[in-house]
Amino acid sequence: MDETPVLRGNLSIKDGRYIITGKWAFSSDAFKEGDTSKFFLSAPAPDGAELPPGDGVEKFKGYFMMRKEGEEGGKIKVKEKKVKFSFEKGEGTKYHVNGRGSNQYGDFNLAGMFDSTSGRLALTKSYLEDEEVDADIEEDVEDDEEGIVEDLDADEVAQEIADLRADAAETLGVQIDISTPSESRKRRAGGLRAAAAEDGDGGGKRRKEATTMASSEAKTELLPTWDLATLEEHTRRLTEAQAANSVPDLLDVLGKLGDSSQRVTVDLLRTTGLGRVVKPLKKHSDKSIAEAAARIVSSWRQVVQNEDAAKSTA
């Protein structure tokens, strides 16, 4: 049985954005049987944009839903980013489509067909470690049964676009200071001047807190740094445990990630994508998992802020 993931959807322009919505399945057979989940991708569309998008279009980002194993009706949202498409003119209104992107499971390629008249898009997805897929799916574009691909309604599209714009203010899966270095320096300088202007016990208390924080940061710098291979293994295990909704495995990996005897860096978070994997667990139904994830994200946020501060004062 062919286990190549397939995507069937529609490409359109709405509210100044390219929107791709549709359904996906683990195989063509699964799609025909109705074992599908929703996916969504979006990118800014320039003024006067037409279909298909040209080469200068920004990369798409969005998500796909995936069923939780062993949980009736349960699904998780897997975010995708840096999805870049190219469209090569074929016969009539048909275009050959190639694409590439990434998510928490790795980098992937997309290949398929687009019909500029109907807006129909049919793709296969292959992760880079998998064998390359060379599938002719032009027939799928022409012969999809009417109604098999359901578009999002206007309210859903508006909400997804709002979510994407909110995500633009986040990096590494944790909130960071997005002001310029000069603004950061001014804000910190202003705070120091305010503390220095205070007298009495209030000023002394602030100076003591600042000294304690500086001492804590210095101690953190002396800790050994996590090695990349270990964090990548934790990322893999955490992703698998999340997909299976295995509470014991999630707690085990989160416990290891919460080890305060080792130090994480922004580069490690960026390379492994751990922030994007751990952050959604803050809303997990299991209180122990949610609390553990919240503690870890909070500590990583401090790492980002510390490194940002160090760069802006250098």
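Two strands count as paired if DSSP finds at least two bridges between them. With that cut-off in hand, the exercises below work through a structure that is a predicted model.

**Exercise 1.** Decide in which sense β6 and strand β7 pair, and find how the two are connected.

Solution. Start with the bridges: β6 and strand β7, the latter covering residues 106–115, are joined by 10 bridges, and the cut-off for pairing is at least two. The sense of this pairing is antiparallel. For a single position within it, look at N98, which stands opposite A111 in β7. Finally, follow the chain from β6 to β7, where a hairpin makes the connection through 2 residues.

**Exercise 2.** Describe the other strand that pairs with β6 in the antiparallel sense, namely β5, and the hairpin of these two strands.

Solution. First count the bridges between β5 and β6, of which there are 8, in an antiparallel arrangement. Next take K81 as an example, for its bridge partner in β6 is S102. Then turn to the hairpin, which has 4 residues between the strands and in which G92 takes a positive phi near 60 degrees.

**Exercise 3.** Explain why strand β6 is largely enclosed by the rest of the structure.

Solution. A residue is called buried when its relative accessible area is under 20%. Strand β6 runs over residues 94–103, and 7 of its 10 residues are buried, so the strand is largely enclosed by the rest of the structure.

**Exercise 4.** Place β4 and β5 in the sheet as a whole.

Solution. Begin with the pair itself: strand β4 (residues 60–67) and strand β5 (residues 75–89) run antiparallel and are joined by 7 bridges. Within β4 and β5, Y63 stands opposite K79. Now widen the view to the closed barrel of 8 strands, whose order is β1-β2-β3-β4-β5-β6-β7-β8 and whose pairing is antiparallel. In this sheet, neighbouring strands are turned against each other by 30 degrees on average, direction ignored.

**Exercise 5.** Find how many cavities of 30 Å³ or more the structure holds, and describe the lining of the largest cavity.

Solution. The structure holds 1 cavity of 30 Å³ or more, and about 40 Å³ of space lies in the largest cavity. Among the residues that line the largest cavity are P53, G54, F60 and F87. By element, β5 gives the largest share of this lining, with 4 residues. By character, the lining residues divide into 6 nonpolar, 1 polar and 3 charged.

Notes:
Residues are numbered from 1 along each chain as its sequence is written. This is a predicted model: local features need pLDDT of at least 70, side-chain atom pairs count only at pLDDT 80 or more; totals for chains, interfaces and linings use all residues. Side-chain values use heavy atoms; hydrogens and water are left out. Axes are lines fitted to C-alpha atoms, for helices over the stretch in contact, and angles run from 0 to 180 degrees between N-to-C directions. On a 1 Å grid over the protein atoms alone, a cavity is a set of points where a 1.4 Å probe fits but cannot get out, and a pocket is an open set with protein on both sides within 12 Å along at least five of seven lines; lining residues have an atom within 4 Å of a point. Grid points are joined across faces, edges and corners, and a volume is the space filled by probe spheres set on the points. Ala, Val, Leu, Ile, Met, Phe, Trp, Tyr, Cys and Pro count as nonpolar, Asp, Glu, Lys and Arg as charged, and the others, Gly among them, as polar. Buried means under 20% relative accessible area, exposed over 50%, partly exposed in between (1.4 Å probe, protein chains only).
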